[in-house]
Amino acid sequence: MKNIFKIAVLFIAFGSMISCQDDNKPNYQYMPNMYVSVGYETYGKYEVFPEGYEALKPAEGSVMRGWLPYDYENTIEGKASAKANLKNPLPYTEGNYVKGNELYNIYCGICHGVKGDGKGTLAKREKILGVPAYNDAGRAITEGSVYHVMYYGINSMGSYASQMTEDELWMVDYYVMGLKDALDGKPERAFTAAEIIEEMTVGEIVTDLNEGAVDAIPGPESEPMNAAGNEH
């Protein structure tokens, strides 16, 4: 009889605990550290980290995934050297040009304008002033100078190296140079044919994740062709 009474008391106590539980709130946690991790604020100062800060600098000499070391320094001399010597390593294909157009409209057109004339939406609204056209004689941009400026940023324009991959920057580079040619009244540049690309890469075309972008391996120079394979 006593055992039945004890069992009944246990059932009543257990039932009371269940009936009072709020399904919208978590129940008891018997090892809270297994449920809730310690939250560290970005750039916060904590003794548990080396140097006492949450945001650590990359190890010296480390290279970000998807990037190659960039040999031109963020100086006047480095920009001048890139302007004179740096060339676009990607083949000039329609796919790379179209992708460059898409990225340009996302990141650049708002200031530089859809035609590259410096009359973007922000410039028209006078939110940002002094945006030059791509055919500005005083700048005389080249593939190398355009990439260098996108990589490091200049004046009120920040760097886009964190928003785009290396290949994507080069795709935008092609599109910017195309806008410059249009402003100068030059004819459209012919796309490199597939046969030429295969010859340039010695039969090895490495396609990355950038929707068909191709990393070109330098090879013998050939006459440019249009998409139909006609020589120009």
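The paragraphs below lead through the chain as a whole, then its core and helix α8, and then some residues of its loops and surface.

This is a predicted model, in which local features need pLDDT of at least 70 and side-chain atom pairs count only at pLDDT 80 or more, while totals for chains, interfaces and linings use all residues. Residues are numbered from 1 along each chain as its sequence is written, and side-chain values use heavy atoms, with hydrogens and water left out.

The chain has nine helices and two strands, taken as DSSP runs (H or I of at least four residues for helices, E of at least two for strands) and numbered from the N terminus. Read from the N terminus, the order is α-α-α-α-α-α-α-α-α-β-β. Of the 232 residues, 31% are buried, where buried means under 20% relative accessible area, exposed means over 50%, and partly exposed lies in between (1.4 Å probe, protein chains only). The accessible surface comes to about 16,700 Å², and 56% of that area belongs to carbon and sulfur atoms; such areas come from the Shrake-Rupley method with a 1.4 Å probe, and for residues only the protein chains shown count as cover. Among contacts (heavy atoms within 4.5 Å) with a separation of 6 or more, 56% are between residues 24 or more positions apart.

The largest nonpolar core, a set of buried Ala, Val, Leu, Ile, Met, Phe, Trp, Tyr and Cys residues joined through side-chain atoms within 4.5 Å, has 30 residues, and those with the most contacts inside it include Tyr70, Tyr104, Leu169, Val172 and Val176. Helices α4 (94–107), α7 (143–152) and α8 each supply at least two residues of this core, and α8 gives the most, with nine residues.

Helix α8 covers residues 166–183, and its 18 residues reach 26 Å from the first C-alpha to the last, close to the 26 Å expected at 1.5 Å a residue; the expected span is 1.5 Å times one less than the number of residues. Why is α8 largely enclosed by the rest of the structure? The reason is that 15 of its 18 residues are buried. Just after this helix, Gly185 takes a positive phi of about 75°.

Tyr104 touches, among others, Val172, Tyr175, Val176 and Leu179, and also His112, when residues up to four places away in sequence are not counted. His112 itself is placed in helix α5 (residues 109–112) and counts as buried because its relative accessibility is 14%. Apart from neighbours within four places in sequence, the contacts of His112 include Tyr104, Asp117, Lys119, Val131, Tyr134 and Met157.

Two loop residues other than glycine have a positive phi: Glu126, near 60°, and Asn155, near 50°. Glu126 sits in the loop between α6 (121–124) and α7 and counts as exposed because its relative accessibility is 61%, whereas Asn155 lies in the loop between α7 and α8 and counts as exposed at 77%.

On the surface, Val38, Tyr40 and Val48 make a nonpolar patch of about 300 Å². Patches are made of residues with over 30% relative accessible area and no salt bridge, with like charges joined within 9 Å and nonpolar side chains (Val, Leu, Ile, Met, Phe, Trp, Tyr) within 5 Å; a salt bridge is a side-chain nitrogen of Lys or Arg within 4 Å of a carboxyl oxygen of Asp or Glu. Val48 belongs to the loop between α2 (32–35) and α3 (76–85), and with a relative accessible area of 59% this residue is exposed.
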